[in-house]
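Thanks, everyone. Let's get started. Please bring up the structure on your screens.

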Protein chains: 2
Amino acid sequence: MLERFHVPREQEVRVTDAALRQTITDLFVACGVPTEDAATGAEVLTMTDLRGVETHGVSNMLRAYVDWFRGGQLNPNPKQSIVKETPGTATIDGDRGLGVIQGTAAMQMAIDKARDVGVGVVTMRNSGHLGAVGHFSMQAAQQDMVGICLTAMSVLVLPTFGAVPRLGTNPISIAAPANSEPFLLYDAATSTIAGNKIALARRVRADMEPGWIADPDGTPIMEERPVPEGIMYGLGAYNLLPLGGTREQGSHKGYGLGLMVEVLTTLLAGGIPSMVEEKPPLASHHFAAYNIAAFDDVEHFKDSMDRMLQTLAETPPAPGHERVIYPGLPEAESEVDRRANGIPLHREVIDWFNRTTDELGVSRLETM
Amino acid sequence: MLERFHVPREQEVRVTDAALRQTITDLFVACGVPTEDAATGAEVLTMTDLRGVETHGVSNMLRAYVDWFRGGQLNPNPKQSIVKETPGTATIDGDRGLGVIQGTAAMQMAIDKARDVGVGVVTMRNSGHLGAVGHFSMQAAQQDMVGICLTAMSVLVLPTFGAVPRLGTNPISIAAPANSEPFLLYDAATSTIAGNKIALARRVRADMEPGWIADPDGTPIMEERPVPEGIMYGLGAYNLLPLGGTREQGSHKGYGLGLMVEVLTTLLAGGIPSMVEEKPPLASHHFAAYNIAAFDDVEHFKDSMDRMLQTLAETPPAPGHERVIYPGLPEAESEVDRRANGIPLHREVIDWFNRTTDELGVSRLETM
């Protein structure tokens with residue numbers, strides 16, 4: 001949503017979503033992932049780039065997934081097991097699979113349970129990175145449910161007043177359907193920014209905003225600054241701040257929301273929080289589906305959603321702003337544009353694709 | 001949690017929790033509330049003050065509840081009805097009762113459903129103010145569940161870039177049990193601050209912090225300032241900002257979280273959002289219970305909670321800070337202190353009690 005984070009025109013190469021989907025599938029298969037699973041994961045990543053969520057599409061994370069499969073940290077062909085199950089809930093052991101690939105079936109299980117008993121919650125431990133969690137929430141919304149998806153991995157974010165990181169960026173997502181308006185789709189880290197937005201800022205040479213990170217001693221950096229040297233894919237000695245930045249501006253809320261995610265993912269899934277025992281690159285996830293028909297008349301719900309979303313989009317803007325948007329609106333606009341005009345990738349990302357497809361002996365990514 | 005918001009020593013009068021519970025019960029009964037319901041509501045408010053959550057105890061809200069009952073906007077003796085029900089969910093019409101009184105039974109219904117099918121979600125529309133939502137989340141935690149409680153009421157908060165308020169302060173709460181540590185208890189508005197913290201700041205003559213409110217044209221106020229004239233219990237022409245304050249510091253996240261609450265409360269309960277059709281002083285609520293035993297071994301879960309909470313409390317602090325706390329720790333410390341030493345109330349609050357008990361012909365609040 002930060003315009004200036006988009007790939008600069010002179011550095012962009014466009015690809016169709018079909019070409020991207022094909023190459024991701026080929027890469028996963030070359031890593032040992034069964035074809036059907038590879039296609040499932042490719043769909044998640046391609047939809048993420050279609051929606052304009054650059055931070056969680058192919059640009060930042062696909063190279064990590066390939067490295068983790070090739071390095072043996074993730075299992076390309078996991079044998080998942082159900083640890084506990086009730087009519088409304090399940091806990092799954094992911095056997096070190098990639099969350100991006102495993103998430104679709106887990107959310108479908110929550111949806112099926114919600115159809116039976118009104119609400120379904122599936123937690124998963126011992127699984128890899130989940131990608132853009134909003135994708136799975138949207139999967140529920142497309143089946144007339146409210147979807148919620150959360151994930152927790154690693155330690156990157158300071159607690160309020162702390163000098164040592166204790167939480168991951170622990171994102172929260174929700175999606176809910178409307179009738180005529182683009183669906184509500186909220187997906188955001190409980191830190192001020194997602195971790196790999198720093199890498200993105202660095203790639204496009206943008207400054208950091210106040211409240212994004214803390215100095216190595218834990219003091220919040222509260223002025224605009226270039227991304228410090230030494231920060232590239234990792235954060236070095238720097239740490240992210242919880243949403244709010246400082247206590248006075250509400251960082252205890254970002255910190256508390258991050259803890260909420262930790263409880264609903266890692267703890268409910270029977271895992272140990274990363275702050276206690278870190279096992280990179282493993283994560284825990286939470287998939288929840290609320291069957292709208294169990295709570296309200298579905299058409300009434302969607303009409304009310306339309307009225308709410310229209311009211312938001314028609315809100316008079318504050319001075320200096322063009323319009324008020326709601327979460328999901330820019331993503332829907334991006335999807336229309338990118339399906340028609342292709343997905344812009346940075347030249348450096350295309351270079352990585354070419355090197356990797358060549359190394360793994362699969363066809364190169366076709367550009368437009 | 002902001003120390004300086006506590007009642008100044010020279011203005012404070014202490015009361016025991018027993019005395020406070022008794023007087024609240026008497027006041028509710030004098031307003032036409034059945035005795036058992038009155039005691040239930042008094043317990044919620046007294047626990048809130050014991051936990052040190054001044055904003056949502058008797059100081060700010062009790063006078064509004066009494067006014068709403070006496071003015072007929074709220075129904076002291078509501079006939080609730082179940083609109084829809086499944087094994088895991090229910091939607092309730094609150095018949096204009098007070099949420100503070102109705103919440104306990106609604107959360108218990110969610111807990112009972114979670115015992116049956118692993119998770120329970122109860123939504124309620126057409127009900128009054130819910131008080132400190134964390135109280136109801138804690139009710140689930142005390143029964144070996146993870147509890148979540150949300151509420152939405154009124155329009156006070158601007159959407160990012162907007163000049164007209166569209167959301168309530170829409171708080172999110174979660175509670176989860178541990179074995180030896182005080183329970184995790186997070187309860188916070190999705191605006192930078194809760195609405196009645198402004199009234200509290202004014203009463204103790206504290207400045208506002210950057211990012212709390214916007215000028216009447218929607219421009220965020222990003223410096224420290226005294227509370228503007230004309231703001232007392234209402235905000236006048238000023239509006240609250242979503243958590244984050246400005247877009248650059250993440251206000252789209254506070255805004256999105258506020259919308260999430262609106263969907264899970266008002267929309268799921270079959271209501272119409274206040275931004276579309278305002279009906280003060282009515283609210284919608286969401287009560288969710290996750291049965292820990294359905295997901296994990298309960299003792300394992302609580303041990304993991306202990307390890308996590310201890311790790312947080314032992315985090316080395318950043319320069320200028322004494323310690324890292326976790327949500328629920330100061331509340332537990334406050335409860336121990338206040339059970340022993342009484343609850344401090346501002347002289348002005350005692351004056352209100354005396355006037356009101358005299359008017360309604362019930363015994364005065366006994367002070368220590």
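What covers the buried residues of helix 5 of chain A? Keep that in mind for a moment. One caution before I answer: this is a predicted model.

Helix 5 runs over residues 134-141 of chain A, and 8 of its 8 residues are buried. Among them are Gly134(A), His135(A), Phe136(A) and Ser137(A). Met138(A), Gln139(A), Ala140(A) and Ala141(A) are buried too.

Now the cover. It includes two helices of chain A, helix 2 (35-50) and helix 4 (99-117). It also includes strand 5 (145-153), strand 6 (172-176), strand 7 (184-188) and strand 10 (283-291) of chain A.

Next, the pair of chains. A turn of 180° and a shift of 0.0 Å along the axis lay chain A on chain B, with an RMSD of 0.0 Å. The two copies are thus related as by a two-fold rotation axis. Look for Gly244(A): in chain A, its C-alpha is the nearest to that axis, at 2.5 Å.

How many residues does the contact take from each chain? It takes 72 from chain A and 72 from chain B. Several elements of chain A give two or more residues to the side touching chain B, including strand 3 (89-97), strand 4 (119-127) and helix 7 (251-267). Strand 6 and strand 7 are on that list as well. Helix 9 of chain A gives the most, with 8 residues. By class, this side of chain A has 41 nonpolar, 23 polar and 8 charged residues.

Last point. 100% of the interface residues of chain A are also interface residues in chain B, so the copies meet through the same surface.

Note on methods
Residues are numbered from 1 along each chain as its sequence is written. Chains are lettered from A and ligands numbered from 1 in the order in which they are written. This is a predicted model: local features need pLDDT of at least 70, side-chain atom pairs count only at pLDDT 80 or more; totals for chains, interfaces and linings use all residues. Copies are superposed by least squares on the C-alpha atoms of residues with pLDDT of at least 70 in both. Two residues are in contact if their C-beta atoms, placed from the backbone, lie within 7 Å. A residue is buried if 20 or more other C-beta atoms lie within 10 Å of its own, exposed if 12 or fewer, and partly exposed in between; C-beta atoms are placed from the backbone. Helices (H or I, at least four residues) and strands (E, at least two) are DSSP runs, numbered from the N terminus. Ala, Val, Leu, Ile, Met, Phe, Trp, Tyr, Cys and Pro count as nonpolar, Asp, Glu, Lys and Arg as charged, and the others, Gly among them, as polar.
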